[in-house]
Amino acid sequence: MAPVIPVLVVDDAETAADLARALIAGGLPALEVTLRTPAAIDAIREMAAVPGGVVGAGTLLTEADVEAAKEAGATFGVSPGATRRLLDACEANDLPLLAGAATPSEAMHLLERGYSVQK
């Protein structure tokens, strides 16, 4: 288990593999790449090829985000919330999701869907 999951905003995918190697060597094997830049999907692809790491995609908002992240090699997703469509897409693509919940009702909805770990 990783003590911390770095949340990474990568502007240049060419630096992604070196960044992943450095973080893994430093004891941080779980890496979350946010989908906030045009380079994010390519960065996930590069980091996923580095041995010893577990790469996820953050800020998943749409079904297309889920599909692109999974295709690039993401093994988990993170989202600020949890719409039915997003949950359906993650489940259809076999992508574990750390979904955000802000209210008791949102947390209960996620629990009903089987999401016992939430942010």
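Student: Is strand S3 (residues 54–58) enclosed or open, and how many of its five residues are buried?
Tutor: Happy to start there! This is a predicted model, where local features need pLDDT of at least 70, side-chain atom pairs count only at pLDDT 80 or more, and totals for chains, interfaces and linings use all residues. Residues are numbered from 1 along each chain as its sequence is written, and side-chain values use heavy atoms, leaving out hydrogens and water. Strand S3, a DSSP run (E, at least two residues; helices are H or I, at least four; both numbered from the N terminus), is largely enclosed by the rest of the structure because its buried residues (under 20% relative accessible area, 1.4 Å probe, protein chains only) number four.

Student: Which residue of S3 stands opposite valine 33?
Tutor: Strand S2 (residues 30–34) pairs with S3 (DSSP finds at least two bridges) in the parallel sense, over five bridges. Opposite valine 33, in S3, is alanine 57.

Student: And which residue of S4 is the bridge partner of glycine 56?
Tutor: S3 also pairs with strand S4 (residues 76–79), in the parallel sense over two bridges. For glycine 56, the partner in S4 is phenylalanine 76.

Student: Within what arc do the buried residues of H1 fall?
Tutor: Good one! In helix H1 (residues 16–25), the buried residues are Ala16, Ala17, Ala20, Leu23 and Ile24. They line one face of the helix, because seen down the axis (by directions from the axis to the C-beta atoms) they fall within an arc of 130 degrees.

Student: Which residues are exposed on the other side of H1?
Tutor: Exposed here means over 50% relative accessible area, with partly exposed in between. On that other side, the exposed residues are Ala22 and Ala25.
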